[in-house]
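This report looks at charged and polar side chains and at the places where they meet. Please keep the sequence and the structure in view while reading.

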Amino acid sequence: MTTTERTEFGADAAEAILRRACAVADLEPDGIEILRLGDHAVFRVEGGRIISRVGRGADRLASVRREVAVARWLADQGYPAAHLVTDAEQPIVIEDHPVAFWEGLADGDEYASTAEMGVLLRRLHDQKPPPFSLPRLQPFDKSASRLEHAVIPESTRIFLHSMARDLEAEYGRLEFSLSSGHLHGDFNVGNVLRDTAGRN
């Protein structure tokens with residue numbers, strides 16, 4: 001069973017959008033290779049020198065614009081995070097699909113250690129807040145939609161919906177000791193790479 005969203009936004013459609021965005025950004029669409037297809041289609045371009053993310057639709061535009069703003073802020077702070085490439089204004093929007101181009105690590109794909117991640121996370125939290133507002137963390141905002149689109153038995157879906165509602169209610173009762181501030185929404189080993197010089 002597939003959903004309309006999956007049918008309309010497959011690998012071939014996403015690659016066609018990427019090729020049009022490459023033309024706008026004055027990039028040669030050489031060596032395109034899809035890495036994964038999820039909330040975004042993620043591609044390797046030019047042998048991995050560039051990583052591109054193609055959003056599923058217009059509902060991804062606000063989050064991609066925020067990612068671009070955060071990337072520029074972190075670059076200004078000298079923080080070792082993904083850098084945008086090309087002189088084109090990003091994201092590039094093709095038929096409501098936001099496309100962004102990021103510097104890839106073509107020479108390495110080794111993940112950082114958890115100790116290195118801890119150092120990076122501390123550095124991130126030590127940064128002064130960005131000069132723009134960030135949305136409040138809503139850890140359950142996508143759970144209902146993802147469960148609806150998941151290819152699972154209906155009994156499992158009902159159980160997981162119930163569990164998600166209970167967890168969301170518990171989260172809403174939490175009292176936090178620290179003041180609010182910026183954080184990384186998906187800080188895991190798979191999102192921190194080392195290049196061949198050992199830099200994160």
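Across the whole structure, which is a predicted model, a search finds eleven salt bridges. Three of them are set out below, with the distance from N to O.

| Acidic residue | Basic residue | Distance (N to O) |
|---|---|---|
| glutamate 95 | arginine 20 | 2.9 Å |
| aspartate 39 | lysine 142 | 3.5 Å |
| aspartate 126 | arginine 122 | 3.3 Å |

The salt bridge between glutamate 95 and arginine 20 links distant parts of the chain, since glutamate 95 lies in the loop between strand S4 and strand S5 while arginine 20 belongs to helix H2, 75 residues apart. Glutamate 95 is exposed at 56% relative accessibility, whereas arginine 20 is partly exposed at 41%.

Aspartate 39 and lysine 142 form a salt bridge that also links distant parts of the chain, with aspartate 39 in the loop between strand S1 and strand S2 and lysine 142 in the loop between helix H4 and helix H5, 103 residues apart. Both residues belong to a network of salt bridges that includes Asp59, Arg60 and Arg146.

Aspartate 126 and arginine 122, by contrast, both lie in helix H4, four residues apart, which is about one turn of the helix. Aspartate 126 is exposed at 52% relative accessibility, and arginine 122 is exposed at 55%.

Histidine 161, found in helix H6, counts as buried because its relative accessible area is 15%, under the 20% cut-off. The side chain of histidine 161 makes a polar contact of 2.9 Å with that of glutamate 148.

Technical notes. Residues numbered from 1 in each chain as written. Predicted model: local features only at pLDDT ≥ 70, side-chain atom pairs only at ≥ 80, totals over all residues. Heavy atoms only, no water. Helix = DSSP H or I, 4+ residues; strand = E, 2+ residues; numbered from the N terminus. Buried < 20%, exposed > 50% of the residue type's maximum accessible area, 1.4 Å probe, protein only. Polar contact = N/O pair within 3.5 Å; in protein donor to acceptor, adjacent residues only side chain to side chain. Salt bridge = Lys/Arg side-chain N within 4 Å of Asp/Glu carboxyl O.
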